Amino acid sequence: MTVINNLPAHVLFVHFMVVLAPLTAALEIVCAVWPAARRGHLVWFTLILAIVTTVLTPITTHAGEWLYHLRRNPDPLLREHAARGDMMIYFSVALLVVAVALVALHIAERRRAGRRIVATVVVAVLAVVVGVSSVVQVYRIGDSGAHSVWGNEIAHLKAAQHG
């Protein structure tokens, strides 16, 4: 899917990614460090968000590749944006792995009255590392994309305003 309502689909999908990936990351951290959140339905909602994020990532990058190939000579910022965007699938899959681990931990905790401290700590550390790195990656992708699209435009607007 490359165009929606005569506009580049990438722009729409990017907005979903900018919301869903950090939201998934935040919910994973909450579920990992707060046992009450893990015991409720939040862990299942987090898994659903992780699945949606993972599915949406290649759709977003595919739509972005279509835009990228429309340019004859993509500037270095656009090439950087595309390279960072291509890496997002690894972060999305990592978010999905953490969500599955949280569900497994939730199921294990329900079956046993006792908690497995080591597994809980490992999943919590993994959730924080993956969550924070995923949010940072979304920021880096968006920053390079925004500079690629708007960097020269803002410079021209400022020059016109002062000139």
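Is Phe16 buried, partly exposed or exposed? Select Phe16, which sits in helix α1. Phe16 is partly exposed, with a relative accessible area of 40%. The cut-offs are under 20% for buried, over 50% for exposed and in between for partly exposed, with a 1.4 Å probe and protein chains only.

Before moving on, note that this is a predicted model, in which local features need pLDDT of at least 70, side-chain atom pairs count only at pLDDT 80 or more, and totals for chains, interfaces and linings use all residues. Residues are numbered from 1 along each chain as its sequence is written, and side-chain values use heavy atoms, with hydrogens and water left out.

**Stop 1: the β1–β2 loop**

Select Asn5, in the loop between β1 (3-4) and β2 (7-8). Strands here are DSSP runs of E with at least two residues, helices are runs of H or I with at least four, and both are numbered from the N terminus. Asn5 has a phi near 55 degrees, a positive value in a residue other than glycine. Asn5 is exposed, at 70% relative accessible area.

Now select Asn6, in the loop between β1 and β2. Its phi is positive too, about 65 degrees, although Asn6 is not a glycine. Asn6 is exposed, with a relative accessible area of 73%. For context, most residues other than glycine have a negative phi.

**Stop 2: helix α1**

Select residues 9-33, helix α1. The end C-alpha atoms of α1 are 36 Å apart, which agrees with the 36 Å expected for 25 residues at 1.5 Å a residue. That expected span is 1.5 Å times one less than the number of residues.

Color the buried residues of α1, among them Ala9, His10, Phe13, Met17, Thr24 and Glu28. Leu20 also lies in α1. Leu20 is buried, with a relative accessible area of 14%. Draw a C-alpha to C-alpha distance from Leu20 to Thr54: 9.9 Å in space, 34 residues apart in sequence. Then go back to Phe16 and draw one to Val123: 26 Å in space, 107 residues apart in sequence.

**Stop 3: α1 against α3**

Add helix α3, residues 42-70. The axes of α1 and α3 come within 8 Å and cross at roughly 150 degrees. Axes are lines fitted to C-alpha atoms, for helices over the stretch in contact, and angles run from 0 to 180 degrees between N-to-C directions. α1 and α3 are therefore roughly antiparallel to each other, a label for angles over 145 degrees. The crossing of α1 past α3 is left-handed: the near helix is turned anticlockwise from the far one by less than a right angle. This contact of α1 with α3 has 21 nonpolar, seven polar and one charged residues. Ala, Val, Leu, Ile, Met, Phe, Trp, Tyr, Cys and Pro count as nonpolar, Asp, Glu, Lys and Arg as charged, and the others, Gly among them, as polar.

**Stop 4: α3 against α4**

Next add α4, residues 76-111. The axes of α3 and α4 come within 8 Å and cross at roughly 165 degrees. That makes α3 roughly antiparallel to α4. α3 passes α4 in a left-handed crossing. Here the contact residues divide into 19 nonpolar, eight polar and three charged.

**Stop 5: the core**

Which residues of the largest nonpolar core touch the most other members? Select Cys31, Ala32, Val43, Val98 and Leu102, out of 17 residues in this core. α1, α3, α4 and α5 (117-162) each supply at least two residues of this core. The largest share, six residues, comes from α4. A nonpolar core is a set of buried Ala, Val, Leu, Ile, Met, Phe, Trp, Tyr and Cys residues joined through side-chain atoms within 4.5 Å.

Technical notes
Angles under 35 degrees count as roughly parallel, over 145 as roughly antiparallel, 65 to 115 as roughly perpendicular and the rest as oblique.
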